[in-house]
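Hi,

Here's the structure I promised to pass on. Have a look, and my notes are underneath.

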Amino acid sequence: MKKYLAEMIGTMVLVLMGCGVAVSLNCSSNCADVANAGTVIGTALAFGLSVVAMAYTIGGISGCHINPAITLGVFLSGRMSAKDCGMYMVFQVIGAFLGASILYLLVSSAGVEFAQAGAGLGSNNLQDGISVAGGLIAEIVFTCVFVLVVLGATSKTNGATNNFAGLAIGLSLVLVHLVCIRYTGTSVNPARSIGPAFLAQCAGGPVSALSNLWIFIVGPFVGGALASVIWRVIEPAKVDE
């Protein structure tokens, strides 16, 4: 049970810190400042640093997936049981709701102007000019890259790279955000999208954040599955114990 609780806490921190910075920098679902370098970089760093912090906090307990797409990739790579896979996902979503709930309370207790600006709670959405197909492709591709980094950095057959797995994974998430924010606000994590999308409706956020939620569930899951296939093809031969 401890590893499930660890996943819940880790996902809560990821959503609270990452989406919290997105709200503070006005990079919520409408991403009014999506072309502002400071806004994009700040939000990207917030998500990446949250992963680094949690990796070195709960990594030894649960592996610090804090992302259903990563959990799916790990399961399909044969590194965890179906039971743990399902329970990880459940507790990750619970954690995302907790993180989004705390953020909602903070935003709603602020002044009217800030509350209106932060109503999206950092939820994902298609940005201006981005089609459904474009958003779906972006989420599939960038989740695939991110999960592939996770599988490679944590593999016991990939030399000593797993000693720095938390740092490598966090930095790769920063990189993914820097590219993908312009298209979808960057999810690559179904739980991270589910919690804020539902709570944003309570805060008066855009309805489209909820209607487009399927993109940020299907896309990351497909990307995570593709990453597991790619890793199985390129994974180094297992070393003798």
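Let me begin just after α8, where Gly 204 takes a positive phi of about 85°. One thing to keep in mind while reading: this is a predicted model.

Now go back to the stretch ahead of that helix. The loop between α7 (165-184) and α8 (190-202) is home to Thr 186, and Val 188 sits in the loop between α7 and α8 too. Thr 186 has a phi near 65°, a positive value in a residue other than glycine. Val 188 isn't a glycine either, yet its phi is positive, about 50°.

Are these two loop residues buried or exposed? Thr 186 counts as buried because its relative accessibility is 0%, with buried meaning under 20%. Val 188 comes out at 1% relative accessibility, so it counts as buried as well.

Next comes the start of α8. There, a side-chain oxygen of Asn 189 reaches to within 3.1 Å of the backbone nitrogen of Ala 191.

How much of α8 is covered? Mostly: 10 of its 13 residues are buried. Among them are Pro 190, Arg 192, Ile 194, Gly 195 and Leu 199. Ala 191, whose backbone nitrogen came up above, is also one of the buried residues.

And what do the buried residues of α8 pack against? Their partners are α1 (2-24), α2 (37-62), α3 (68-76), α4 (82-108), α9 (208-211) and α10 (215-234).

If you're opening the model for the first time, try following the chain from Thr 186 in the loop through α8 to Gly 204 just after it.

Cheers

Terms used
Residues are numbered from 1 along each chain as its sequence is written. This is a predicted model: local features need pLDDT of at least 70, side-chain atom pairs count only at pLDDT 80 or more; totals for chains, interfaces and linings use all residues. Side-chain values use heavy atoms; hydrogens and water are left out. Helices (H or I, at least four residues) and strands (E, at least two) are DSSP runs, numbered from the N terminus. Buried means under 20% relative accessible area, exposed over 50%, partly exposed in between (1.4 Å probe, protein chains only). Contact means heavy atoms within 4.5 Å. A polar contact is a pair of N or O atoms within 3.5 Å; within protein, one must be able to donate a hydrogen and the other to accept it, and residues adjacent in sequence count only if both atoms are side-chain atoms.
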